[in-house]
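Open your viewer and get ready to select residues by number. We will go from stop to stop, and each one tells you what to look for.

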Amino acid sequence: MAKRLVAAAGAVIFGAGVLVGMDHAAVAEPGVAQAVPGTGPCESEAKPTHEALVPKTVEVPVVYPVVTVDPGPPAENTKRVKMELPSDPCVNPCPDLTDQPAGPPDLAQQLGIPKLILRPQPFNFALPNPNPPTLPPGPDPAHPPVEAAAQTPARPTPQVSDVREVAKLTGANSVNRTDKRWQVQGTDLGIMWQSAPDEIAIAFGDTVGRDFHPPGGMGEDWRSNLLAFSKNRDLSRGVVFDRMVTDDRCHASELLSSRKMDNIEITTIPTSGFALGERQYMSYMSIRTWNSIPGTWYTNYGGIAYSDDHGEHWIKDPYAKWENIFGVSNFQVAAMVPQGDWVYMFGIPNTRLGGVGLARVPKDQVLNPTAYQYWQTDAWVPAINGLVTATPIVDAPAGELSVRYDESRKVWQMSYLDTAKAALVVRESDSPQGAWSDSAVTVSALQYPELYGGFIHPWSTGNDMYFTMSTWSDYNVYLMHASLN
């Protein structure tokens, strides 16, 4: 069960007065086709609708303290199953797994009132692991210089128009029917990067399968993260998934394991991704606990994982991480973008309430934290005795960063959740360090209460920006479009 049991910690927006093993093959069973990929929901199913703000089910955590021993890093799930899926998403490849009969209505359903579930939840106070894992040798220390770096003049504020919802990408009645194909009933984020010249990777956060009941990721078959791939360039159809990384028939696999122990490590969430040659990189945050204060959580660290088999298996690098010192460290939530000879890392603290810092590293040193330089006022400077400080390039509050470099226009774009405006916003700049333009609202909580995300599709064009959006009440991912003039 996904344990973001305090919905406020996961997605409530405030400030605008609104609530806001081994590879083997499996063959799918045939079915009856009723539609074509990307044209919308299947004819046999209802049109996707957004959930009401008044939930049908309310889970209330019953927290109790537990003294335990930190078990150490969990073993990664290395089992992979390659499954041939029917080209038509309206063909259910695994009805034996996904089409279980619904039970009789309970009393709350009969009365038309929300169902209340009390969920016991241990809050752990952990003793250190007596047998910590032995680490391999680390990278040689680098000694980057101090280099001057002035800001460029601020660009005009982007003019946003023609904002619309393109398609529901995940969950029931979505264009990808992830509930039937990969047992993904509820998920969020949808972080995208170009994984190959003709392919996009899409990473998702906490995911649940059977017994899914929003708001939030409530249900069973909890996975901390998933990865899908898509090749369709006609984004007016939505982002149509070609495949997901799977570990069984019709079952998307967790990629980065987590202890799933509250106040030790409750989950591991992707924050960005990029590819350099044949290697895929994914930044992520190790979350210690979800806080009860809206828009906040507490991380252990922000880290980088990599894959050398095109996303099938991932390794969390033991040295490429930024510890969360006193809960205020930057680069806990990172958006990493390769450009030129560098990879730029935009980062915020472990909330939706901090400002945006910036670092850069040579492309061949991504996994060496001592090789990073941090932008401070007018120069790139190295960390001093491991202490990282960066001048904010965008003032607080910012959450769920997404940054891209628009090669055609030679312009940087940044999208994020602005909790003060209760909206997803976009800024532009001629350089990564700015100055960045003023922010322009793309989607407001007045339109989509409880919204968050805002991850830009890498194949957006100069005037057409496509981005993913999640809402806490739906707990699924939607593709949005906005025109930028």
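## Stop 1: Arginine 360

Start by selecting arginine 360, which is buried, with a relative accessible area of 7%. That value falls under the 20% cut-off for calling a residue buried. Keep in mind as you look around that this is a predicted model. Arginine 360 belongs to strand β19, which covers residues 354-362.

Which side chain is joined to arginine 360 by a polar contact of 3.2 Å? Add glutamate 147 to your selection: its side chain is the partner. Next, show tryptophan 342 and find its ring. The charged end of arginine 360 sits over this ring, 3.7 Å from its centre.

To fill in the surroundings, display the residues in contact with arginine 360, leaving aside neighbours within four places in sequence: Glu147, Trp342, Val343, Tyr344, Ala371, Tyr372, Gln373 and Trp380.

## Stop 2: Aromatic rings

Two names from that contact list, Tyr344 and Trp380, lead to the next view. Together with Phe346, Tyr405, Trp412 and Trp436, Tyr344 and Trp380 form one aromatic cluster.

How many aromatic pairs does the structure hold? There are 14. A pair of aromatic rings is described by the distance of the centres and the angle of the planes.

Try phenylalanine 274 and tyrosine 281 as an example. Their ring centres are 4.8 Å apart and their planes are at 10 degrees, so this pair is stacked. Both phenylalanine 274 and tyrosine 281 are buried.

Now switch to tryptophan 472 and tyrosine 475. Here the centres are 5.7 Å apart and the planes are at 85 degrees, so the pair is edge-to-face. Tryptophan 472 and tyrosine 475 are both buried too.

Before leaving the rings, select lysine 260 and tryptophan 222. The charged end of lysine 260 sits over the ring of tryptophan 222, 5.3 Å from its centre.

## Stop 3: Strand β15

For the last stop, switch to a cartoon view and select residues 297-307, which make up strand β15. Of its 11 residues, 10 are buried, so β15 is largely enclosed by the rest of the structure.

Which strand pairs with β15 over 10 bridges? Colour residues 279-290 to see strand β14, which pairs with β15 in the antiparallel sense. Look for isoleucine 287, which stands opposite threonine 299 in β15.

Then colour residues 315-323, strand β16, which runs antiparallel to β15 and is joined to it by 5 bridges. To find one meeting point, select alanine 305 and its bridge partner in β16, lysine 316.

Terms used. Residues are numbered from 1 along each chain as its sequence is written. This is a predicted model: local features need pLDDT of at least 70, side-chain atom pairs count only at pLDDT 80 or more; totals for chains, interfaces and linings use all residues. Side-chain values use heavy atoms; hydrogens and water are left out. Buried means under 20% relative accessible area, exposed over 50%, partly exposed in between (1.4 Å probe, protein chains only). Helices (H or I, at least four residues) and strands (E, at least two) are DSSP runs, numbered from the N terminus. Two strands pair if DSSP finds at least two bridges between them. A polar contact is a pair of N or O atoms within 3.5 Å; within protein, one must be able to donate a hydrogen and the other to accept it, and residues adjacent in sequence count only if both atoms are side-chain atoms. Contact means heavy atoms within 4.5 Å. Rings of Phe, Tyr and Trp (its six-membered ring) pair if their centres lie within 6.5 Å; planes under 30 degrees apart count as stacked, over 60 as edge-to-face and the rest as tilted. A charge sits over a ring if NZ of Lys or CZ of Arg is within 6 Å of the ring centre and within 35 degrees of the ring normal.
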